[in-house]
Amino acid sequence: MPWGYNEQQAYHVLFVGFMGSGKSTVARRMAQLFSRRCIDLDRLIARRAGMDIPTIFQKEGEQGFRDRETAALESLFLETSSIVSCGGGITIRERNQQLLKRLGTVIYLKVDADEAVSRISRPETRPLLSGDVPPREILQARAASYESVADICFDTAGKSIDEVVNTLGELLWKKGIL
Ligand code: S3P
């Protein structure tokens, strides 16, 4: 089926990393710069569920949210090539790690927990930040999974959004990815 969608046709640039690492802003700016569509996976999940993220956690628990997250990720094979911002817990599931690798180029925006938390303007929108596990421990538990899915690890420590967007944009352009 030459004009049908298949897995090979979707080739996205996907941002992963901890809450507050700048994924959503960087993805949006990068999409504007390169005239690509931007998909914010959390927004997609919320739109499909008809509930915001804290309400999904409240009504369905974290597992319910994670199931919706995996379904949203799977649906990206049907979308035109886009720049995608993923939620900070996307790499927890091994299934998601496999999907991410097949969906395109994965970029890990690296940041330490203190800097990440200080960048989050509305912490009440992140249910995990009000849980029992401190952000530093959550990040520690996830760091290896971010690195294992990433084609590019980009350290954002002390960098402005402009610096991240310009440097990464140039890198992806030179590699022929954007
Ligand atoms: C989560 C991060 C959030 C959102 C949800 C769970 C996580 O996305 O997906 O609250 O597990 O780290 P952001 O990384 O965009 O804040």
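In this predicted model, five residues of helix α7 are worth finding: V164, V165, L168, G169 and L172 are buried. They cover an arc of only 115 degrees around the axis, so they sit on the same side of α7. Now turn to the other side of α7. There, W173 and K174 are exposed. Buried here means under 20% relative accessible area, and exposed means over 50%.

What do the buried residues of α7 pack against? Two strands come early in the list: β1 (12-16) and β4 (104-110) are among the partners. Helix α1 (23-33) and strand β5 (152-155) are partners too.

Next, check the length of α7. The helix runs over residues 161-174, which makes 14 residues. At 1.5 Å a residue, α7 should span 20 Å. Its end C-alpha atoms are 20 Å apart, so the expected span and the model agree. After α7 comes G176, with a positive phi near 75 degrees.

Now move to helix α2, residues 41-49. Look at its start. A side-chain oxygen of D40 reaches to within 3.1 Å of the backbone nitrogen of D42.

Which residues of α2 are buried? They are L41, L44, I45, A46 and A49. These residues pack against helix α3 (53-75). They also pack against two strands, β2 (37-40) and β3 (82-85).

Finally, follow the chain past the end of α2. Just after the helix, G50 takes a positive phi of about 70 degrees. Compare the two helix ends: a glycine with positive phi comes just after α2, and G176, also with positive phi, follows α7.

How values were computed. Residues numbered from 1 in each chain as written. Predicted model: local features only at pLDDT ≥ 70, side-chain atom pairs only at ≥ 80, totals over all residues. Heavy atoms only, no water. Buried < 20%, exposed > 50% of the residue type's maximum accessible area, 1.4 Å probe, protein only. Helix = DSSP H or I, 4+ residues; strand = E, 2+ residues; numbered from the N terminus. Contact = heavy atoms within 4.5 Å. Polar contact = N/O pair within 3.5 Å; in protein donor to acceptor, adjacent residues only side chain to side chain. Expected span 1.5 Å × (residues − 1). Arc of directions from axis to C-beta.
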